[in-house]
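Colleague: I am new to reading protein models. Could we go through this one together, step by step?

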Amino acid sequence: MSVFGGGEVVIHVGDGKKLAHDGTKVEFVGSIELFYDRGHHHEFLSPFQELAAPGEMRQAQTLDFLFKNVEKQFESYQGINVKLRYYICVSIASKEKDIWVHSFPMPPDSNNAIKMEVGIEDCLHIEFEYNKSKYHLKDIIVGKIYFLLEKIKHMELYIIRRETTGAPPNQYNESETITKSEIMDGTPVRGETIPIHLFPSGFDLTPTYRHVNKKFSTSYYLNLVLIDKPAVLQAAGDITIFRIPEN
């Protein structure tokens, strides 16, 4: 959870002037914006505090505020078709300030390896495995590729993020390539094993999000691409990304 809890609002009034108002309040807002539904923000959090009663201000004032025990159940997220944001809004001047939220759920209890096979009869047969299917953002993706038939010339590994927004029939899916790594360039020897070491911390990853406020989800895939022009084969494994505290 974010450690953000409070702050202060400074209101300046010009020399010799006064500011009449109907009261000043500060709101802590959490909202989801779907880009295909522009102009409609879905607020899921909006506690507020009254900072000043209606009246007049003739000089600068500093107003303190504090939000205690506000549950920020979702992480901040900026995606292709959706944005989840938290911000402070002061109503007297409609001022907003974004706040970025991270959450740290319990690590998964089980974490099974990923094992798959890809093959074309009498042409290509490989087996690949990754040591686990759930990784934290500072983790290392470790795997191996086994060649049982060697007719292939090039291999690449992609991390793909898929973003799903909305609900049927107005549901949108967008995929983006986070990174691409060359695994092999050249024909392997039958029985050869190629190790995989990939460091997610060097890329712009977020945790896996599932049905955030029933508005959006994100998922990640390790996509192995086998190239023997003109043929191209792909094998994708679903992985889960989660966040752990920095310390």
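Colleague: Which side chain does the side chain of glutamate 33 join through a polar contact of 3.5 Å?

Modeller: Keep in mind that this is a predicted model. Start at strand 3, residues 24-34, which holds glutamate 33. Look for a polar contact of 3.5 Å between side chains. The partner of glutamate 33 is arginine 85.

Colleague: Is glutamate 33 buried or exposed?

Modeller: Its relative accessibility is 11%. Buried means under 20%. So glutamate 33 counts as buried.

Colleague: Which residues does glutamate 33 touch, leaving out those up to four places away in sequence?

Modeller: Close neighbours in the chain are set aside here, up to four places away. What remains for glutamate 33 is His41, Asn81, Val82, Lys83 and Arg85.

Colleague: Now the backbone. Where does proline 169 lie?

Modeller: Take the peptide bond from proline 168 to proline 169: it is cis, with omega near 0 degrees. Strand 15 covers 154-167 and strand 16 covers 170-185. Proline 169 lies in the loop between strand 15 and strand 16.

Colleague: What is phi of histidine 211 near?

Modeller: Histidine 211 sits in strand 18, residues 209-212. Its phi is positive, and the residue is not glycine. The value is near 50 degrees.

Colleague: Is histidine 211 buried or exposed?

Modeller: The relative accessible area of histidine 211 is 63%. Exposed means over 50%. Histidine 211 is therefore exposed.

Colleague: And lysine 214: buried or exposed?

Modeller: Lysine 214 is in the loop between strand 18 and strand 19, the latter being 216-228. Its phi is also positive, near 60 degrees. For accessibility, the cut-off for exposed is over 50%. Lysine 214 has 76%, so this residue counts as exposed.

Colleague: Next, empty space. How much lies in the largest pocket?

Modeller: Rolling a probe the size of a water molecule over the atoms shows where empty space is left. For the largest pocket, the space comes to about 370 Å³.

Colleague: Which elements give two or more residues to the lining of the largest pocket?

Modeller: The lining has 20 residues, and the closest to the pocket centre are Pro105, Pro207, Thr208, Tyr209 and Arg210. Look for elements that supply at least two residues to the lining. They are strand 18 and strand 20, residues 231-242.

Colleague: How many residues of that lining are nonpolar?

Modeller: Split the lining of the largest pocket by residue type. There are 4 polar and 4 charged residues. The nonpolar ones number 12.

Notes
Residues are numbered from 1 along each chain as its sequence is written. This is a predicted model: local features need pLDDT of at least 70, side-chain atom pairs count only at pLDDT 80 or more; totals for chains, interfaces and linings use all residues. Side-chain values use heavy atoms; hydrogens and water are left out. Helices (H or I, at least four residues) and strands (E, at least two) are DSSP runs, numbered from the N terminus. Buried means under 20% relative accessible area, exposed over 50%, partly exposed in between (1.4 Å probe, protein chains only). A polar contact is a pair of N or O atoms within 3.5 Å; within protein, one must be able to donate a hydrogen and the other to accept it, and residues adjacent in sequence count only if both atoms are side-chain atoms. Contact means heavy atoms within 4.5 Å. On a 1 Å grid over the protein atoms alone, a cavity is a set of points where a 1.4 Å probe fits but cannot get out, and a pocket is an open set with protein on both sides within 12 Å along at least five of seven lines; lining residues have an atom within 4 Å of a point. Grid points are joined across faces, edges and corners, and a volume is the space filled by probe spheres set on the points. Ala, Val, Leu, Ile, Met, Phe, Trp, Tyr, Cys and Pro count as nonpolar, Asp, Glu, Lys and Arg as charged, and the others, Gly among them, as polar.
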